[in-house]
Amino acid sequence: NRALLKQYKTTGTGMENKDMITNVMLLAMLEFPAGDYMSFTYLIPEGVRRDEAFSKVSRCHQLLTACNFADFWGELATTQEALKDEDAKKLIASSTDKLRREILAILALTYRSVPTSTVLAAFGGGAASADDISKLSSPVVKSVTGDSVTFAPSADNTKRSRTYQENIGFSSIASMITKVSAE
């Protein structure tokens, strides 16, 4: 997709096809959390950015990267309606589970355990129960009960102990200062 956008940018042909460019950006957004979307935006001319469908895809990306998941799903639904390409609409529908697994991975970075209602809200209300969370088979989910989701422990969601060194001598500090000042 990047090569296609670069070719259109350098040759000047193809950039007038707003629907195709919007589809490329949609594909990049659906690959969340990969960072291609932002690098692609630098290749898009201003005229394409003003297109309604492109603006909606851009708004979806903003909400997704800001972790405003509940609003993201609503905006994604309106984006799906605004798209002209039926294949792009089907792609959104087929990417729902992938996006939900990525959202679970993001929640797992912060929480060790979270109420099921919080996860369901992050899913935009599209998932009705804890069973829907379990069906995603995400490796970051340790267990799902009716009222909470427990994530697998990781360095990000587990409290770490701090190690303090007592009785540091002046000689060890003086040698460090000497090394730093010599550089």
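Thr-116 counts as buried, because its relative accessibility is 3%, under the 20% cut-off. The model is predicted. Thr-116 sits in helix 9, which covers residues 116–122. Leaving out residues up to four places away in sequence, Thr-116 touches Ala-130, Ile-133, Thr-145, Gly-146, Asp-147, Ser-148 and Val-149. Thr-150 is 34 residues from Thr-116 in sequence. In space, the C-alpha atoms of Thr-116 and Thr-150 are 9.2 Å apart.

**Overall fold**

The protein has eleven helices and three strands. Along the sequence, the order is α-α-α-α-α-α-α-α-β-α-α-β-β-α. The protein has 183 residues, and 34% of them count as buried. Take the contacts between residues at least 6 apart in sequence: 57% of these join residues at least 24 apart. The protein exposes about 10900 Å². Carbon and sulfur atoms supply 52% of that area.

**Residue burial**

Four residues are set out here with their element and relative accessibility.

| Residue | Place | Relative accessibility | Class |
|---|---|---|---|
| His-61 | helix 5 (residues 52–65) | 10% | buried |
| Glu-102 | helix 8 (residues 96–110) | 24% | partly exposed |
| Cys-67 | loop between helix 5 and helix 6 (69–82) | 39% | partly exposed |
| Ser-137 | loop between helix 10 (130–135) and strand 2 (141–144) | 58% | exposed |

His-61 belongs to helix 5. Why does His-61 count as buried? Its relative accessibility is 10%, and the class takes in values under 20%, so His-61 falls within it. Setting aside neighbours within four places in sequence, His-61 is in contact with Met-29, Tyr-37 and Met-38.

**The cis bond and Glu-102**

Phe-32 and Pro-33 are joined by a cis peptide bond. Its omega is about 10 degrees. Most peptide bonds are trans. Pro-33 lies in the loop between helix 2 and helix 3 (36–41).

Which residues does Glu-102 touch, not counting those up to four places away in sequence? They are Phe-32 and Pro-33, the two partners of the cis bond. Glu-102 itself is in helix 8. Along the chain, Glu-102 and Pro-33 are 69 residues apart. Their C-alpha atoms are separated by 7.4 Å. At 24% relative accessibility, Glu-102 is partly exposed, because this class spans the range between the buried limit of 20% and the exposed limit of 50%.

**Positive phi**

Most residues other than glycine have a negative phi. Cys-67 is not a glycine, yet its phi is positive, at about 60 degrees. Cys-67 is placed in the loop between helix 5 and helix 6. Its relative accessible area of 39% makes Cys-67 partly exposed.

Ser-137 is not a glycine either, and its phi is positive at about 50 degrees. Ser-137 is in the loop between helix 10 and strand 2. Is Ser-137 buried or exposed? Ser-137 counts as exposed, because its relative accessibility is 58%, over the 50% limit.

**The aromatic pair**

How many aromatic pairs are there? The count is one aromatic pair. The rings belong to Phe-72 and Trp-73, and their centres are 5.0 Å apart. The planes stand at 70 degrees, so the pair is edge-to-face; the cut-off for that class is over 60 degrees. Phe-72 and Trp-73 are both buried.

**The cavity**

The structure holds one cavity of 30 Å³ or more. The largest cavity has about 60 Å³ of space. Its lining is made of Asp-19, Thr-22, Asn-23, Asp-51, Ala-53, Ala-82, Leu-83, Lys-84 and Asp-85.

Which element gives the most to the lining of the largest cavity? Helix 2, residues 18–30, does so with three residues. By class, the lining has four charged, three nonpolar and two polar residues.

How values were computed: Residues numbered from 1 in each chain as written. Predicted model: local features only at pLDDT ≥ 70, side-chain atom pairs only at ≥ 80, totals over all residues. Heavy atoms only, no water. 1 Å grid on protein atoms, 1.4 Å probe; cavity = no way out; pocket = protein on both sides within 12 Å on 5 of 7 lines; lining within 4 Å. Points joined across faces, edges and corners; volume = space filled by probe spheres on them. Helix = DSSP H or I, 4+ residues; strand = E, 2+ residues; numbered from the N terminus. Nonpolar A, V, L, I, M, F, W, Y, C, P; charged D, E, K, R; others polar. Buried < 20%, exposed > 50% of the residue type's maximum accessible area, 1.4 Å probe, protein only. Contact = heavy atoms within 4.5 Å. Areas by Shrake-Rupley, 256 points an atom, 1.4 Å probe, with all protein chains shown as cover. Phe/Tyr/Trp six-rings, centres within 6.5 Å; stacked < 30°, edge-to-face > 60°.
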